[in-house]
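Here is a short tour of one protein model, written for someone new to reading structures. Keep the picture open while you read, and look up each residue as it comes along.

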Amino acid sequence: MKGYALGFQFNPNSLLSASQFEQFHDLVGTAPVGMGAPQADIDAYKTALVDARDILAEAYSFDSGNMGDADGENGW
């Protein structure tokens, strides 16, 4: 995911602002939280991914019906 997300930096047509790009990458982190991590860490990472999704939805004006629910489910 991190590799694909770096594409926003080099794509001249990217709609992410510099601050959105930075915030998005802070939320995504450098690697996913592993399955052996404490549940609190897993839950925090899931929340961060939903927040990252919301940044993309805002920047690209994605229809909210396609974005899923607060848990990040039932979207695209």
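## The overall layout

Follow the protein chain along its sequence and you meet the pattern α-α-α. That gives 3 helices and 0 strands. Keep in mind that this is a predicted model, so every value here is computed from predicted coordinates.

How far does the C-alpha trace spread along its principal axes? The spans are about 40 × 30 × 15 Å. The protein chain has 76 residues, and buried ones make up 26% of them. Now take the contacts with a separation of 6 or more: 41% of those in the protein chain are between residues 24 or more positions apart.

## Helix α3

Helix α3 runs over residues 39–60. With its 22 residues, α3 reaches 32 Å from its first C-alpha to its last, which is close to the 32 Å expected at 1.5 Å a residue.

Which residues of α3 are buried? They are Ile-42, Tyr-45, Ala-48, Val-50, Ala-52, Arg-53, Ile-55, Leu-56, Ala-57 and Ala-59. Have a look at what lies against them: the buried residues of α3 pack against α1 and α2. Just after α3 comes Ser-61, and Ser-61 takes a positive phi of about 55°.

## Two residues of helix α2

Helix α2 covers residues 18–28, and Gln-20 is one of its residues. Is Gln-20 buried or exposed? Its relative accessible area is 14%, and buried means under 20%, so Gln-20 counts as buried. Leaving aside residues up to four places away in sequence, Gln-20 touches Leu-15, Ile-55, Glu-58 and Ala-59.

Leu-27 also has its place in helix α2. With residues up to four places away in sequence again left out, Leu-27 touches Tyr-45, Ala-48, Asp-51, Ala-52 and Ile-55. So what about a residue further along the chain? Leu-27 and Asp-69 are 42 residues apart along the chain, and their C-alpha atoms are separated by 18 Å.

## A stop in helix α1

Helix α1 takes in residues 2–10, and Leu-6 is found there. At 35% relative accessibility, Leu-6 is partly exposed. If you pick out Ala-31 as well, you can check a distance: Leu-6 and Ala-31 are 25 residues apart in sequence, and 13 Å apart in space from C-alpha to C-alpha.

## The aromatic rings

A pair of aromatic rings is described by how far apart the centres are and by the angle between the planes. How many aromatic pairs are there? The count comes to 3. One of them joins Phe-8 and Tyr-60, with 6.2 Å from centre to centre and 40° between the planes, and this pair is tilted. The Phe-8 and Tyr-60 pair links distant parts of the chain, as Phe-8 sits in helix α1 and Tyr-60 in helix α3, 52 residues apart.

Both partners are partly exposed: Phe-8 has a relative accessibility of 22%, and Tyr-60 has a relative accessible area of 24%. Tyr-60 also pairs with Phe-62. Their ring centres are 5.8 Å apart and their planes are at 15°, so this pair is stacked; the cut-off for that word is planes under 30 degrees apart. Phe-62 counts as partly exposed too, at 32% relative accessibility. Put the ring pairs together and you get a cluster that links Phe-8, Phe-24, Tyr-60 and Phe-62.

## The largest pocket

What is the volume of the largest pocket? The value is about 260 Å³. The lining has 14 residues, and the closest to the pocket's centre are Leu-49, Ala-52, Arg-53, Leu-56 and Met-67.

Which helices each supply at least two residues of this lining? The answer is α2 and α3. The largest share, 4 residues, comes from α3. Sorted by type, the lining residues divide into 9 nonpolar, 3 polar and 2 charged. While you are here, find Ala-52 again: Ala-52 is among the residues closest to the pocket's centre, among the buried residues of α3, and among the residues that Leu-27 touches.

How values were computed: Residues are numbered from 1 along each chain as its sequence is written. This is a predicted model: local features need pLDDT of at least 70, side-chain atom pairs count only at pLDDT 80 or more; totals for chains, interfaces and linings use all residues. Side-chain values use heavy atoms; hydrogens and water are left out. Rings of Phe, Tyr and Trp (its six-membered ring) pair if their centres lie within 6.5 Å; planes under 30 degrees apart count as stacked, over 60 as edge-to-face and the rest as tilted. Buried means under 20% relative accessible area, exposed over 50%, partly exposed in between (1.4 Å probe, protein chains only). Contact means heavy atoms within 4.5 Å. On a 1 Å grid over the protein atoms alone, a cavity is a set of points where a 1.4 Å probe fits but cannot get out, and a pocket is an open set with protein on both sides within 12 Å along at least five of seven lines; lining residues have an atom within 4 Å of a point. Grid points are joined across faces, edges and corners, and a volume is the space filled by probe spheres set on the points. Ala, Val, Leu, Ile, Met, Phe, Trp, Tyr, Cys and Pro count as nonpolar, Asp, Glu, Lys and Arg as charged, and the others, Gly among them, as polar. The expected span of a helix is 1.5 Å times one less than its number of residues.
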